[in-house]
Every structure is written in structure tokens, then in C-alpha cells.
Amino acid sequence: MRQSSRRLFISSSFATLGTGSFLLGQDEKMNSTPVPESFLRKLVPEIPSFQPSTLFLTWHKDPTTTMVVQWIGTAGETADNTIAFSDEPAAVHPPRREPGARSQPVNLTWRTQKPVASPYPQCDFKVFRAELTGLRPGRDHVFKIGRSSPSYRFRTMPSKANDTITFVSGGDCGINQACLDNNVIAARQDPMFAVVGGDLGYDNGRSLEASIAFIRNYSSTMVDSSGRLIPLIPCIGNHEVNGGYGAREKATFFYPLFDGLFPETGYNTLDFGDYLSLVLLDTNHTSKVAGAQTEWLDKALAARKDLPHTIVVNHIPAYPSHRNPVGKVSKDGKKLYGTGEDQREHWVPLFDKHRVPVVLEHHEHTFKRTKPLIGGMQNDNGVLYLGDGSWGRLRIPRPDDQLNVMVKTSDDFHISMHRFQGAERFHLALGSTGKVMDVARTGQRKLGIVTAGG
Ligand SMILES: [Fe+2]
Ligand SMILES: [Fe+2]
């Protein structure tokens, strides 16, 4: 039962009991006396009435000092939607108050931020967005929306990678039970954030319901064991776009939610202090692989050459595990591209040149791990490609491996759990029961000393 309905239900239940002889044991005349609201408040703990079912967190920049609070809702659905937030320990972990005990006055510092509303397509809903800035790194925070929401928690990323950094990734989710189950597995790992590498809800740029259902499922399940909301970092896939490929406007629901991270193009970087950068790419959906994006990628990777962890995320894989990677020429002499050919031609040389340690790939709906590769050939100092997008969708991998690059493939649902400790990285594939299906390790990324193994 939804909390708002539950509140009404509880209130009406007490009101009903209060006017019946069962409770008061008095005559009919006395029973008709209305029960004072103050009496009901003593019996019924206040249940927050504003709990947007689409509430989620994301980032536009600097995850060490900012957080974006976002939800899809209607104007006026709550009297005041100002976000009040604090990292004071007494606010984040308020002392438990015994029933009947008086609350102790505590001087807490709360900052406030009013959300900005922007249209959500094909409906009267709005996207409400508040970017909280100037936060302290590596701290638990609490926030409320207006006066009538519960207290929600999140944690900013640390400014230095002194401790272990953990996150989950995957793609090709959908809105089915498998996706929900894997959300639960993902949240159970207590990741610091989740990367979804395209094909989120399969709205295809046309289904309002699918776009909202994906966010609602994420909101209800992606909460860690300490009650912190797990921020979502997306990259675009073909099922975000009406027709799979086209102008930015064709990604009907994606950019209204994520244009803070992707203000002009379908690609960008998200930098975490001096230890991690996510390079989020667009595999031809609203930005072409060749040309401006490739030129930008070369510069973006060069600028991050000294970071210990630079991780690339894309949707359509350079090394597909289900579709045919090899192009052919049609009967009328036309070149038909194999899956990932564009990426292998334009991006793989850059991944090799800058020794990207790991590329997270999706779209094929399988599990895959390649050999470490340089120029498509096994090399102990090479680039590891992990995929292939089976958070909520499944296909059978190709029985042949035409490019001879795979170490493992399978038709299992999975998410990836990444654990970075110092210069070492561990990459676990977790199946739909939470069981570890695969473990890989990548180490130093500097030219000539990159290692990868499983
Ligand atoms: Fe997909
Ligand atoms: Fe896809």
C-alpha cells in the first residue's frame, strides 16, 4: 500500500474505531462525538505524505562535492518542494527518541535549494531537479523535500581514493521482473553508484509509461543497506531513441532527465577527484562515432593519462558477443557494416594508445569478457572489454568467435561489480542469484605495464 494511502487508511481506521461503541463502550450519543485530531496524532505516528515514487539521484559534475536530486511529478503536488539538506551527524543519524520523551533541542545547520521544474514530454508531468553543491566529500548527507517528505540519505564520493571505491555497472535493463531482481542484487552490494550503459527502460523514445516505470523501479530498489540512495549514471543506447539513431530530439525522454550530464552531445566525462574518470560515449545514437566525438575522445583520454582509473562506457560493443562483428558486401556491391566496426576503426586505436584499462560494453544481452587486447590481438598489457548488457534482457552468444577475442561468454543475466583498491581493480560478474560468475583483475594502466587477467 502506498504510504499516502496507508496514512489515509490508518487515520480513517482510527476515526472509525473512535466513533464506535467497541472503543469507547459508551452510548450512541457519546460515540458521535468527534475524536480530536490531537488524540489521533498521539496514537498514529506521522507518516510522511510526500514520497515521489520517481525520486532518484544523479550527477552533472564533481561527485565529490555535488549531488543532483531529481524526480518526475506534477506542479503543486506538495505545498513546498524546497530541498533542505545537511551533513551534520545529528541530522544524518538523529538520536532515537523514546515514546513520550520530549525532544531535545538541537542546533543543526540545514542548507536549502529550490528545485527547477522543466517539462517532461507527452504529459503534464515535470522534471524537478535540484543540484546540491558545495558539499563535503566522503560524507553522509540527509535531505528532505519540503516539510512532508521522509528523510533521504546519500553519500558524496571521497576526494581521494584512500579507501576502496566500489560501483556496479550493466545495461539493457527494461522494466520486467528480471531487471527488478537484479536491481536488488546490485543494491545489496552497497555500491557507491550505478552505471547503466544504455537501453534503460526500452521506451524507444515513444513510451512514456516505460520511461517512468524504469525510473520508478530504480527509485524503489536502488537503496543500499544503510538507506542511502544509489546515484544513477547513464549512457545512451539505441532504445532511448525513436528509431535507434537520429537527432537529439529523438531521444524523447533521455535528455529531459539527463541533459545536465549531456548538455550538448551524447558523450561526456564524469571526473571523480584525482582518481577516477568515467568516459561516457554515444555509439551513433544521437552523436556520430566518427568525427567530432572521436577527436574529443582522443583529447579526453590524453588529458586523463595520469589518472589511475579511466573507464570507458559505451552501448554498442566494439567486440560483440551475439551479433556478427564482421561486415560484408551486399549483392549490389554495398558495404554492410558488422556490429562494432565503427568503434573498432575509430575508438579502439585510441583505447590502445591511451591504454584504457577497461571498456564497459552492452547491447548484446549476454555476459562476456574478452582477452586483454591491443589492436584486436591478445596482449598482457591490453585493454579489457567487459559486457555485454544483460541486466534485464537475454540472448544467446554466438557459438563462433570470429575475431578470436573472447575468454568467456554466456546467456546469463548479470551485473558487474567493480572494486578499486589503490592501483588494482577487481571486476566481478554477479548472476541473478547474486552468485559470482566471473572475476577479472586489471592493474596499472600506464603504457607498457598494463596487466589484465582472470
Ligand atoms: Fe538492449
Ligand atoms: Fe541496444
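Start by selecting Arg 369 and Leu 386: Arg 369 stands opposite Leu 386 in strand S21. Keep in mind as you click around that this is a predicted model.

**Around S21**

Now colour the two strands that those residues belong to. Strand S18 (residues 367-370) pairs with S21 in the antiparallel sense, over two bridges. Then add strand S17 (residues 358-360), which pairs with S21 too, but in the parallel sense and over three bridges. To find your place in that second pairing, pick Val 358, which stands opposite Leu 384 in S21.

Stay with S21 (residues 384-387) and show its side chains. In a regular strand, side chains alternate between the two faces of the sheet. Here both faces are covered: Leu 384 and Leu 386 are buried on one side, and Tyr 385 and Gly 387 are buried on the other.

Step off the end of the strand to Asp 388. You are now in the loop between S21 and strand S22 (406-410). Zoom in on the backbone, since the peptide bond from Gly 387 to Asp 388 is cis, with omega near 20°. Most peptide bonds are trans.

**The S23 neighbourhood**

Next, select strand S23 (residues 415-421). Five of its seven residues are buried, so S23 is largely enclosed by the rest of the structure. What joins S23 to strand S9 (residues 165-170)? Five bridges do, and the two strands run antiparallel. Thr 166 marks a good spot to look, as it stands opposite Arg 419 in S23.

Bring in strand S24 (residues 424-430) as well: S23 and S24 pair in the antiparallel sense over seven bridges. Follow the chain to the turn, where Gln 421 stands opposite Glu 424 in S24. The hairpin has two residues between its strands, and Gly 422 takes a positive phi near 60° there.

**Over to His 315**

Jump to His 315, in the loop between strand S14 (309-313) and strand S15 (328-329). Is His 315 buried or exposed? It is buried, because 28 other C-beta atoms lie within 10 Å, and 20 are enough to count as buried. Leaving aside neighbours within four places in sequence, the contacts of His 315 include Asp 199, Cys 235, Thr 283, His 362 and His 363. Asn 238 is another of its contacts: the two are 77 residues apart in sequence, yet 8.0 Å apart in space, C-alpha to C-alpha.

**Two positive phi values**

From His 315, move to its contact Asp 199. Asp 199 sits in the loop between strand S10 (194-196) and helix H7, and it is buried, with 26 other C-beta atoms within 10 Å. Its phi is positive, near 60°, in a residue other than glycine. Most residues other than glycine have a negative phi.

For another such case, try Arg 355, whose phi is near 50°. Arg 355 lies in the loop between helix H11 (348-353) and S17, and it is buried, with 20 other C-beta atoms within 10 Å.

**Helix H7**

Now select H7 (residues 208-221), a helix of 14 residues that reaches 20 Å from first C-alpha to last, close to the 20 Å expected. Its buried residues, among them Ile 212, Phe 214, Ile 215 and Tyr 218, pack against strands S1 (56-58), S2 (67-73) and S11 (232-234), and helix H6 (177-188).

**Zoom out**

Finally, show the whole protein, with its eleven helices and 26 strands. Buried residues make up 43% of its 454 residues.

Definitions and conventions: Residues are numbered from 1 along each chain as its sequence is written. Chains are lettered from A and ligands numbered from 1 in the order in which they are written. This is a predicted model: local features need pLDDT of at least 70, side-chain atom pairs count only at pLDDT 80 or more; totals for chains, interfaces and linings use all residues. Helices (H or I, at least four residues) and strands (E, at least two) are DSSP runs, numbered from the N terminus. The expected span of a helix is 1.5 Å times one less than its number of residues. A residue is buried if 20 or more other C-beta atoms lie within 10 Å of its own, exposed if 12 or fewer, and partly exposed in between; C-beta atoms are placed from the backbone. Two residues are in contact if their C-beta atoms, placed from the backbone, lie within 7 Å. Two strands pair if DSSP finds at least two bridges between them.
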